[in-house]
Amino acid sequence: MHTGLHVTIWITANYSHESCVTTKNISIMPREIEKCPSPVNVNTQQLFNKLIITWESPQNILQYELQYKDLMQRTSSWIPVSMEMKAFNVTIPDVNPASSYMVRLRCIPKNNSCSVCLWTEEIGIPYKLTKNPTILENITKEISPGKRSVFLTWETDESKHTIGYFVHIKRILDSFHGITSLNIKKTWLRLNVSMAAYHIKITAYNEHGKSSSVIYRVPDFISTYSDLPGHLIISNQQNYTIITWNLKDNPDCLAIDWGTGIEDTKSKCFCQNETNVILDHLQPYQLYKVMLHALDCQSKDLIKDEQTLAVANFYAVEGVPRIGPAHVTIPVMAKHSAVVKWTEIPTKDCLGFLLGYRIHYTEVTNSISWAVTLNSSMRQYRLADLKANTHYTVHISGITRKGEGAQSQPQDFTTLKYDQREFEGMVVGLCLGLIIIPAITITICSSVLKRSRKSCWPPVPNPRDSSAMQVAEKTFPVALLKPSLQPLLPSAPLNEADKLYVITDDLEAFPPSPATGRVFTEYSEAVVREKEGTLPKPNRVNASEKAKAGLHLDYVGMEFSHKAMQKLSENLPTKTVHL
């Protein structure tokens with residue numbers, strides 16, 4: 001095509017059922033058309049939920065247009081991103097971390113240097129792993145003397161973008177082991193290792209790179225050293241320490257590790273029939289750990305074939321504890337005893353093997369002290385035979401082979417004046433006394449009152465105990481009463497009356513009975529004799545005989561007597577009747 005000519009372009013479409021369709025004509029001059037250059041050095045990456053795109057402009061193009069879409073969605077369309085002038089990078093936030101994205105861009109011409117801007121090729125945005133794996137579970141257990149199993153599981157938040165994991169297993173002292181590297185797809189690992197210290201580093205990776213790593217340190221395994229197949233003998237000399245071992249078998253190679261910690265651990269390998277090693281330049285008052293391992297020099301995997309033969313702890317030079325136990329408390333106090341509790345002295349402060357504790361307690365008033373020595377496993381002790389309501393002071397110190405160390409801070413306490421049960425017994429006794437003493441006092445006063453009443457006021461005889469009343473209960477001489485008094489007889493039996501009237505006066509007050517002519521105290525006997533037909537003929541008594549007779553008493557039914565006395569009182573002089 002000649003660049004100096006005008007060119008007309010149109011598009012015609014032919015359909016089988018319709019006539020042809022032709023677009024409008026477009027006239028252009030090829031020499032005036034120039035394609036704008038594409039951006040260069042386009043870099044894209046996805047960081048979790050963000051898309052980052054950077055590029056460089058080849059000419060003085062100052063504005064670009066950018067679009068992106070989600071490849072995980074089939075119907076996804078291009079999404080435009082607003083951009084500022086002179087911007088050559090853009091960050092798209094809040095995207096789906098589990099998805100993959102594509103991006104394209106083109107320039108927006110603003111001058112005559114170029115007139116046509118085309119979209120770049122679609123650029124896939126790689127996912128950059130930024131999250132390190134997380135350890136979910138770790139299990140360490142002994143599988144045989146000198147061997148243990150380590151099981152790990154982990155996960156990562158970017159698992160959908162992860163292809164696999166690099167696992168590096170490193171013995172802390174790798175002078176003769178090196179590093180074992182594994183490339184695995186699964187998210188768990190099982191290893192059989194010795195009692196030595198190991199680091200396990202786990203890194204996720206994909207086609208675009210690696211994530212940050214997580215490092216897991218296999219913990220020290222607390223084992224009964226007596227179960228191991230070997231035994232170590234440690235001999236401290238003036239400037240060095242000799243480590244000697246006794247083994248059941250003689251392996252080809254031996255390795256010995258010693259030190260006060262991971263950062264200070266050293267190692268040495270023997271490929272001969274050695275039976276001891278001399279360690280020098282050791283620090284005093286520091287706890288050292290020494291481990292002896294058997295190696296198979298012909299093995300390709302020394303980590304798998306290594307076995308621990310013996311383990312021991314030692315001090316090159318021992319001292320006494322520089323501090324006493326912390327948190328000394330007296331949680332329980334009694335009248336003659338107290339319980340003392342304390343926490344263990346840290347190993348770093350013992351400066352030697354802790355053999356026990358010594359408790360010093362002092363009676364402050366009399367300045368008398370006592371001491372008790374205990375083994376190192378005890379954390380509390382009961383002080384006995386103390387004085388009641390007395391002030392004491394307690395100090396506790398640790399003991400090593402070199403002697404007794406520094407004492408703890410003093411702890412003061414005062415024993416109780418009364419034990420809890422003793423005080424409760426006193427309260428109960430006081431309460432019972434308040435109840436029993438008044439009851440006894442009332443009982444005694446009541447008894448004295450009854451005795452006094454009997455002495456001052458003799459008891460009135462009970463009418464029911466009289467023979468006259470007993471006879472009267474069987475029969476009553478109605479005929480002895482006047483016709484005017486007979487209606488006053490009670491309907492109920494006489495023995496049911498609850499009142500007794502006693503009339504004491506001259507018998508002239510009573511009219512003589514037609515049958516007897518007088519009333520005697522032996523009234524009931526007269527009734528009996530009348531019933532039996534033996535009643536003697538009555539004789540009239542004169543006034544002198546009445547005076548000699550004195551006071552006459554008779555028991556009469558209470559209700560009946562009351563009514564009869566009311567009737568008789570109408571005809572009697574007032575001065576001669578007493579009720």
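## A guided tour from the disulfide to helix 3

A search of the whole structure, which is a predicted model, finds one disulfide. Begin by selecting C107 and C117, whose sulfur atoms are joined at an S to S distance of 2.0 Å. C107 belongs to strand 10 (residues 101-107), while C117 sits in the loop between strand 10 and strand 11 (123-125), so the bond ties together parts that are ten residues apart in sequence. Looking along the S-S bond, you will find a torsion of -85°, which makes the link of C107 and C117 left-handed. Both C107 and C117 are buried, and it may help to hide the surface before inspecting them.

Two further cysteines can be selected for their accessibility. C269 counts as partly exposed because its relative accessibility is 35%, and C431, at 40% relative accessibility, likewise counts as partly exposed.

Turn next to the salt bridges, of which the structure holds eight. Select D257 and R171, whose side chains meet in one of them with an N to O distance of 2.6 Å. D257 lies in strand 22 (residues 253-259) and R171 in strand 15 (residues 164-171), so this pair ties together parts that are 86 residues apart in sequence. D257 and R171 are both buried. Add E306 to the selection, and you have a network of salt bridges that links R171, D257 and E306.

The following stop is the pair of R401 and E318, a salt bridge in which the closest N and O atoms are 3.5 Å apart. Here both partners are in loops: R401 is in the one between strand 32 (391-400) and strand 33 (403-407), and E318 is in the one between strand 26 and strand 27 (329-333), so the contact ties together parts that are 83 residues apart in sequence. With the surface shown again, compare the two ends of this bridge: R401 counts as exposed at 63% relative accessibility, whereas E318 is buried, with a relative accessible area of 12%.

Now select R379 and E344, which form a salt bridge whose closest N and O atoms are 3.4 Å apart. This pair links distant parts of the chain, 35 residues apart, with R379 in the loop between strand 30 (368-375) and strand 31 (380-383) and E344 in the loop between strand 28 (338-341) and helix 2 (347-350). R379 is partly exposed, with a relative accessible area of 28%, and E344 also counts as partly exposed, at 47% relative accessibility.

For a single buried side chain, go to Y315 in strand 26 (residues 307-315), which counts as buried because its relative accessibility is 4%. If you add K289, 26 residues away along the chain, the C-alpha atoms of Y315 and K289 are separated by 9.0 Å.

Finish at helix 3, which spans residues 420-456. Select V428, L430, L432, L434, I435, I436, I440, I444 and V448, which together make a nonpolar surface patch of about 880 Å². Among these, I436 lies in helix 3 and is partly exposed, with a relative accessible area of 44%. Then move the selection to K450, R451, R453 and K454, which gather in a patch of positive charge on the surface. K454 lies in helix 3 and is exposed, with a relative accessible area of 64%.

Terms used:
Residues are numbered from 1 along each chain as its sequence is written. This is a predicted model: local features need pLDDT of at least 70, side-chain atom pairs count only at pLDDT 80 or more; totals for chains, interfaces and linings use all residues. Side-chain values use heavy atoms; hydrogens and water are left out. Patches are made of residues with over 30% relative accessible area and no salt bridge: like charges are joined within 9 Å, nonpolar side chains (Val, Leu, Ile, Met, Phe, Trp, Tyr) within 5 Å. Accessible areas come from the Shrake-Rupley method with a 1.4 Å probe; for residues, only the protein chains shown count as cover. A salt bridge is a side-chain nitrogen of Lys or Arg within 4 Å of a carboxyl oxygen of Asp or Glu. Lys and Arg count as positive and Asp and Glu as negative; His and the chain ends are not counted. The place of a charge is taken as NZ of Lys, CZ of Arg, CG of Asp or CD of Glu. Helices (H or I, at least four residues) and strands (E, at least two) are DSSP runs, numbered from the N terminus. Buried means under 20% relative accessible area, exposed over 50%, partly exposed in between (1.4 Å probe, protein chains only). A disulfide is a pair of cysteine sulfur atoms within 2.5 Å.
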